[in-house]
Amino acid sequence: MTARDILTPNTPSLGFGAMRMPDLDHARKMVDAYMESGYNYFDTAYAYGGSEELLKNTLTTRHPRESYMLANKLPPWEIKKPEDMEATLKESLKRCGLDYIDFYLVHSISDARDQHIKDMGMFEFAMEQKKRGLARHVGFSFHGSTQYLEEILNRHPEMEFVQLQLNYIDILRGPAGEWQALALKHNKPIIVMEPIKGGSLASLPEAAEALLKAADPTRSIASWAMQYAATLEGVTSILSGMSSLEQVQDNLKTFKDLKPLTLDEMDLLENVLKEMSKVSSIPCTACKYCHKVCPKGIDIATCFSLYNEAKRGESHMWNRKMFYNLLPNATKANKCIDCQLCIEYCPQQINIPGELQIVDEAFKN
């Protein structure tokens with residue numbers, strides 16, 4: 001698939017999100033299996049610790065340059081002065097072992113970062129890299145309000161595509177449908193991120209999972225979320241943050257002879273959401289952006305993950321409380337000092353200190 005195909009809505013393709021890749025040998029098998037099936041779109045970021053270097057060792061030094069496309073991102077929170085953007089881009093190219101980036105994005109833009117992005121001239125910098133030949137296509141990934149997305153699309157019509165978090169929770173119960181509609185209104189191809197919402201749509205509460213298994217016991221729970229994203233209008237590629245060869249193979253199975261969801265299947269997902277709504281959870285996707293700014297070193301993503309798993313049922317609570325108690329005391333939820341530094345960095349806009357207090361109460365002995 002060429003870059004032109006990615007920017008032209010047709011049958012959505014499977015993208016390889018390199019945020020959660022495992023050890024080198026396993027990662028090489030994943031990359032090879034993915035490419036052998038005819039797919040070639042990889043997504044990484046300066047902020048994904050170790051991801052760029054891992055792609056260099058699994059992809060860019062092992063496969064011809066014309067055989068793959070790579071997306072990378074400029075992180076606003078790392079830029080303190082305009083010249084930092086050039087240094088960050090050079091570092092990304094070096095880490096990836098590349099001379100140019102196929103798709104260059106301003107990373108995780110939001111209402112709160114808007115003034116800083118304007119002050120630094122980040123969109124203008126991205127366009128300049130296209131003129132220089134260091135980026136073939138430019139766009140942005142988005143985590144903000146609907147009003148802000150429309151403002152950005154009006155302000156920067158030169159952006160060629162948008163990367164949006166679209167999944168059946170955020171579409172059917174949140175504002176993501178409005179984001180999709182705006183992208184369509186502005187004729188921007190959509191790259192989908194978090195189609196499984198950080199893995200939470202691959203492991204559902206028992207009653208919700210039973211509905212999907214009853215409908216088709218031969219397929220994985222995650223495949224329903226991937227097929228849902230592929231059904232959405234305007235979507236050209238769906239990124240999956242795959243962390244095992246089994247996940248690669250499951251996604252390849254889903255995308256083979258891919259068909260849109262039927263109306264009955266859409267109704268089924270509505271019923272799944274009704275079951276999920278009976279069990280409260282924290283919408284964390286384990287991106288860990290908050291970890292780097294937490295002054296106490298709390299393992300926020302693990303705290304939230306264990307809590308979410310515990311809420312699936314009483315039998316899960318005892319097991320997950322045991323694992324929580326095994327965490328180093330310095331990394332537990334009760335160490336939060338409510339400094340709120342983490343909130344700005346959360347793409348999901350979670351009130352992290354408030355949720356950590358809930359986790360602490362749930363897991364107290």
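Visitor: Hi! Before we look around, what does "buried" mean here?
Guide: Hello! A residue is called buried when its relative accessible area is under 20%. One thing to keep in mind is that this is a predicted model.

Visitor: Okay, is C294 buried or exposed, then?
Guide: C294 is buried, because its relative accessible area is 18%.

Visitor: And what is a disulfide, again?
Guide: That is a covalent bond joining the sulfur atoms of two cysteines.

Visitor: How many disulfides turn up in the whole structure?
Guide: A search of the whole structure gives 0 disulfides.

Visitor: Why is C294 not bonded to C339?
Guide: The two sulfurs are 6.3 Å apart, which is too far for a bond because a disulfide needs them within 2.5 Å. C339 holds the cysteine sulfur closest to that of C294.

Visitor: What about C346, which cysteine sulfur is nearest to it?
Guide: That would be the sulfur of C287, at 6.3 Å, and C346 is in no disulfide. C346 is also buried, with a relative accessible area of 12%.

Visitor: Let's switch to pockets. How much space is in the largest one?
Guide: The largest pocket holds about 920 Å³. Its lining has 37 residues, and those closest to the centre are K197, S200, S281, I282 and P283.

Visitor: Which elements give two or more residues to that lining?
Guide: They are α8 (168–172), α13 (263–276) and α14 (300–310). Of the elements, α14 gives the most to the largest pocket, with 6 residues.

Visitor: How do the lining residues of the largest pocket divide up?
Guide: There are 15 nonpolar, 17 polar and 5 charged residues in that lining.

Visitor: And what volume does the second largest pocket have?
Guide: The second largest pocket has about 580 Å³. Its lining counts 34 residues, with R20, E194, G198, S240 and G241 closest to the centre. Elements giving two or more residues to this lining are β4 (101–109), β6 (161–165), β8 (235–240) and α12 (245–255). Here α12 gives the most, with 3 residues.

Visitor: Last topic: how many residues are in helix α17?
Guide: Helix α17 (residues 352–363) has 12 residues. From first C-alpha to last, α17 reaches 16 Å, close to the 16 Å expected.

Visitor: Which residues of α17 are buried?
Guide: They are I352, P353, L356, V359, D360 and F363. These buried residues cover an arc of only 110 degrees around the axis, so they sit on the same side of α17.

Visitor: How can residues that are apart in a chain point the same way?
Guide: An α-helix has 3.6 residues a turn, so residues three or four places apart point the same way.

Key. Residues are numbered from 1 along each chain as its sequence is written. This is a predicted model: local features need pLDDT of at least 70, side-chain atom pairs count only at pLDDT 80 or more; totals for chains, interfaces and linings use all residues. Side-chain values use heavy atoms; hydrogens and water are left out. On a 1 Å grid over the protein atoms alone, a cavity is a set of points where a 1.4 Å probe fits but cannot get out, and a pocket is an open set with protein on both sides within 12 Å along at least five of seven lines; lining residues have an atom within 4 Å of a point. Grid points are joined across faces, edges and corners, and a volume is the space filled by probe spheres set on the points. Helices (H or I, at least four residues) and strands (E, at least two) are DSSP runs, numbered from the N terminus. Ala, Val, Leu, Ile, Met, Phe, Trp, Tyr, Cys and Pro count as nonpolar, Asp, Glu, Lys and Arg as charged, and the others, Gly among them, as polar. Buried means under 20% relative accessible area, exposed over 50%, partly exposed in between (1.4 Å probe, protein chains only). The expected span of a helix is 1.5 Å times one less than its number of residues. The arc is that of the directions from the helix axis to the C-beta atoms.
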